[in-house]
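Me: Could you take me through one part of this structure slowly? I'd like to see how the inside is packed, starting from a single side chain.

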Amino acid sequence: MTTISPTSNVALEILRRSTAEAEEKAGSADSANNILRAANGVSAEPGRATKQAQGAINNSMLELKARADAFVGTALELLNSDRFKSSDPNVKAVLKEILNEQGEIFAGRVEAELLNNPGLRDEEAIANALTATVRGNRSRFAETEIVLGYKLKTAGDQLHYVADAEGYSSGQFLADAQNEARIGLDIAQKARANAKDDAALAAALKAEEEAERIYRRTQQSVSDWNGYWTKKIGWPEAR
């Protein structure tokens with residue numbers, strides 16, 4: 001896990017401070033040298049600085065493991081509840097196997113989500129990491145497109161999609177189409193705002209009207225897709 005590396009900096013800082021304290025108290029270079037020799041394994045008996053550094057590393061490692069275990073435990077709790085649904089009934093069992101095999105990797109995915117998305121709550125990061133785990137272990141799941149449903153306590157209902165074995169996803173296709181239509185509408189609106197004369201304004205208004213029609217159509221397609229899968233996995237549709 002990439003989050004383990006900072007512990008070495010903590011240990012070095014503690015070692016540095018302990019050496020300085022020993023120097024000040026002893027009032028001689030010999031005392032500091034003894035501590036440094038002990039830290040480097042020269043002395044058979046570890047010095048106080050070495051013990052403190054080792055203790056800091058051990059504590060940091062324990063904290064990281066406890067945090068990783070908590071992420072895995074929360075993920076398993078979500079998978080075992082009615083708040084997780086999948087278009088493929090085998091996904092739940094396979095995900096649980098992967099979490100038991102790759103707990104540290106999963107925890108690293110959660111940490112990455114939290115680091116890359118400030119303000120994201122743990123529950124949302126865990127859901128995103130579960131979807132990423134399916135994508136990262138694609139060969140262990142069915143070849144068809146997979147839709148995952150999460151009922152999150154802090155972020156409401158979410159539908160995630162995983163492309164099929166060939167890389168195609170209807171959910172991704174519709175989302176991309178909506179994004180492109182939104183960009184087209186933005187461009188048309190700017191063109192209308194910058195029209196210099198009546199003829200240009202008339203043409204811009206017509207283009208904006210067409211761009212808005214396309215955007216509304218893609219919005220509806222995404223909404224229909226979400227409604228279909230919400231009903232398919234057995235959740236009541238939003239009113």
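Reply: Start with leucine 130: leaving aside residues up to four places away in sequence, Leu130 touches (heavy atoms within 4.5 Å) Ala75, Leu78, Leu79, Leu95, Leu99, Phe106 and Tyr150. Keep in mind that this is a predicted model, where local features need pLDDT of at least 70 and side-chain atom pairs 80 or more, while totals for chains, interfaces and linings use all residues. Residues are numbered from 1 along each chain, and side-chain values use heavy atoms, without hydrogens or water.

Now zoom out a bit. Leu130 and Phe106 have the most contacts inside the largest nonpolar core, a group of 29 residues (buried Ala, Val, Leu, Ile, Met, Phe, Trp, Tyr and Cys joined through side-chain atoms within 4.5 Å). Two or more core residues come from each of helix 3 (48-79), helix 4, helix 5 (103-116), helix 6 (122-136) and strand 2 (146-152). Helix 3 gives the largest share, 7 residues. There's another core apart from this one, with 10 residues, including Ala175, Val222, Trp229 and Trp235.

Back to Leu95 and Leu99, two of the residues that Leu130 touches. Both are on the list of buried residues (under 20% relative accessible area; exposed is over 50%) of helix 4, residues 91-101, along with Val91, Val94 and Ile98. Look down the axis of helix 4 and those buried residues fall within an arc of 140 degrees, so they line one face of the helix. Turn to the face pointing away from that buried side, and you'll find the exposed residues Asn100 and Glu101.

Methods:
Buried < 20%, exposed > 50% of the residue type's maximum accessible area, 1.4 Å probe, protein only. Helix = DSSP H or I, 4+ residues; strand = E, 2+ residues; numbered from the N terminus. Arc of directions from axis to C-beta.
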